[in-house]
Amino acid sequence: MSDFWKRFSRNRGAVIGIVILAVVVLVAILAPMLFPQSPWRMVQRPFLPPLSMNQYLLGTDALGRDVLTGLAYGAQVSLLVGIVSTVAALLVGIPIGALAGYFGGAADDVLMRFTEFFQTVPSFALAIVLVAIFEPNIQSIIAAIAVVSWPPVARLVRGEVLSLRSREYIEAAILSGQTSAAIIWRQVLPNTLSPIIVLASLMVATAILLESSLSFLGLGDPNMMSWGYMIGAARTVIRQAWWLSFFPGVAILLTVLALNLIGEGLNDALNPRLARRGK
Amino acid sequence: MLRFILMRLVKAAIILIAILTLNFFLIHAAPGDPAAVLAGEAGAADAQFIEQLRERFGLDKPLLTQLGIYLGGVLQLDLGYSYRQQMPVADLIFARLPATLLLTLTAFVIALVLGTLAGVLASARVGKWSDTVISTLALLFYATPLFWVALMAVLVFSVFLNWLPGFGYETVGANYTGFRRALDIAQHLILPATTLGLFFMAVYMRMTRASMLEVSQLDFVKTARAKGLKPGIIQRRHIFRNAMLPVVTLAGLQAGQLVGGAVLTETVFAWPGIGRLMFEALAQRDYNLLLGIFFVSAAMVLLFNLITDILYRVVDPRIRVAS
């Protein structure tokens, strides 16, 4: 563990990423305490520019709602959607990849054609269609993002399992009479964990970008304040009020950047062999 | 080669049929009456129209028969009727398709050319400040939401600096013709195409840089160096050509995202393509139009993929020989 941390912290970007993400997580958790007002409530006159009132540091939007409060509550939605949809995508992708890689043959063919189909379909367009048809709410958004983001997981796991499958210790496990399920679960999957963790951290970043893009188009959960929604609502008044779209965008950028940096750091720390290749 | 293209076309056809089947089941999975879904927002269509739809799509027949009717219609390029826009869906889409093709192809070329150039530059100066600057920029572009960078571009280059138009396809009411019109469209194209290309530029840059560095470690490059070839020649003929292979593969896989990104870019810039049409369909809950656009954009992605696959064979003689 200390070895892991040493390798991780050698990547300066990754440490910066951890710090940024920690701030975002803290803000998301503390939002109800820091900003007891609902982010939907009108608190001041509309279009109050930033830094003009200490109480509303980043100004107010077209309906007089506090931008800073919106940002804090938006962090909750971004992190929630990012994490839950990634977990859901892993729950779909890992079994499909593991089964395809372990059993090979016809099972591999069928599962990989299925995966290829989802990889070919334009993912953002599919996500839009899914959320629109099943009505925009937090569940449909998470489900749609999971549906479009599991294929890379399946492919990664399949590749890893394929290369582990021919190792001697797996053959020994088969000879010792263990069931396939036990071998996949206890012998194969634990050894594929590092690349999955790296991929997952990058997937959370992509999911946050996807969520913000969906809410920007008006496909966000109508009961939850999100960064994408704030920018989408400010789009038509950009000439009068730049700050309404500027600050939420910076929030998305920093969060996604932090996750990407962490992903690279994890890659350095968990796959030292692979990491050296690209450097 | 011909056999390869034929095989790929068959595969593409199967995928398209699968997408149509998915569309069909989505219409039925949507909350409410499928006829109402086909007609657009519930309540927008009158009872007589709904009845017509029910008859045409055989909505009282078994599900599989309905699927047959639906697929048969699409084969005749009939994607249904948009009640909201009072026009056949196929006509709406094909009228908007050229604008989207212009936008995505320009963005693709910008991203590929600038991305690989920056990647080559960075790989040649690993660890120096120019590498750091390029890599940091790529990292930032990679994390920036597409719609936000588009809005900021409008703000800076159109509102504050007033250098470029930030809205539309051409100057409304100017009635330019010929070369003057092409120039006008090109001016309108710069901001949307560049902002759409930015994310992909970052992807290609990172890939090119990593790939160049990897290839430069290989034995044949060492041999070339040992022979005393000039570094510039090694860089161009030996490393670059081999390093481009994974970049071409990636570019093909990314085509789908480019089409998806067009929805956001076209919405911000009021670019009259199918992305903007999708946004309009969303706002009006015009599901039939939405599914039609989804289908056509998937077909576009398949076409992009086919082109890159053919390109790949042209670029890499090893595959040509093997097949």
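**Burial, aromatic pairs and a helix crossing in a predicted model**

Author: In this predicted model, buried residues account for 54% of the 279 residues in chain A. Chain A has 13 helices and zero strands.

Reader: What makes Phe117(A) and Phe118(A) an edge-to-face pair?

Author: Two rings pair if their centres lie within 6.5 Å, and planes over 60 degrees apart count as edge-to-face. The centres of Phe117(A) and Phe118(A) are 5.3 Å apart and their planes stand at 85°, so the pair is edge-to-face. The structure holds 20 aromatic pairs over all chains.

Reader: Why does Phe117(A) count as buried, and why does Phe118(A)?

Author: Buried means under 20% relative accessible area. Phe117(A) is at 13% and therefore counts as buried; Phe118(A), at 14%, counts as buried too.

Reader: Why is the pair of Tyr142(B) and Phe199(B) called stacked?

Author: Planes under 30 degrees apart count as stacked. Between the planes of Tyr142(B) and Phe199(B) there are 10°, with 5.3 Å from centre to centre.

Reader: Which parts of chain B does this pair tie together?

Author: Tyr142(B) belongs to helix α6 (residues 129-143) of chain B and Phe199(B) to helix α8 (residues 178-215) of chain B, so the pair ties together parts that are 57 residues apart in sequence.

Reader: Is Tyr142(B) buried or partly exposed, and what is the case for Phe199(B)?

Author: The range from 20% to 50% is partly exposed. Tyr142(B), at 26% relative accessibility, therefore counts as partly exposed, whereas Phe199(B), with a relative accessible area of 16%, is buried.

Reader: How do you know that Arg206(B) lies over the face of Tyr142(B)?

Author: For Arg, CZ must be within 6 Å of the ring centre and within 35 degrees of the ring normal. Arg206(B) lies over the face of Tyr142(B) at 4.9 Å from the ring centre. In chain A, the charged end of Arg165(A) sits over the ring of Tyr102(A), 4.5 Å from its centre.

Reader: How do helix α4 (residues 105-120) of chain A and helix α7 (residues 151-165) of chain A cross, and which residues make the contact?

Author: Their axes come within 9 Å and cross at roughly 145°, and α4(A) passes α7(A) in a left-handed crossing. Among the residues in contact are Met112(A) and Phe118(A) of α4(A), with Pro151(A) and Arg155(A) of α7(A). By class, this contact has five nonpolar, two polar and four charged residues.

Conventions. Residues numbered from 1 in each chain as written. Chains lettered and ligands numbered in written order. Predicted model: local features only at pLDDT ≥ 70, side-chain atom pairs only at ≥ 80, totals over all residues. Heavy atoms only, no water. Phe/Tyr/Trp six-rings, centres within 6.5 Å; stacked < 30°, edge-to-face > 60°. Buried < 20%, exposed > 50% of the residue type's maximum accessible area, 1.4 Å probe, protein only. Helix = DSSP H or I, 4+ residues; strand = E, 2+ residues; numbered from the N terminus. Axes fitted to C-alpha atoms, helices over the stretch in contact; angles between N-to-C directions. Left-handed = near helix turned anticlockwise from the far one by under 90°. Contact = heavy atoms within 4.5 Å. Nonpolar A, V, L, I, M, F, W, Y, C, P; charged D, E, K, R; others polar.
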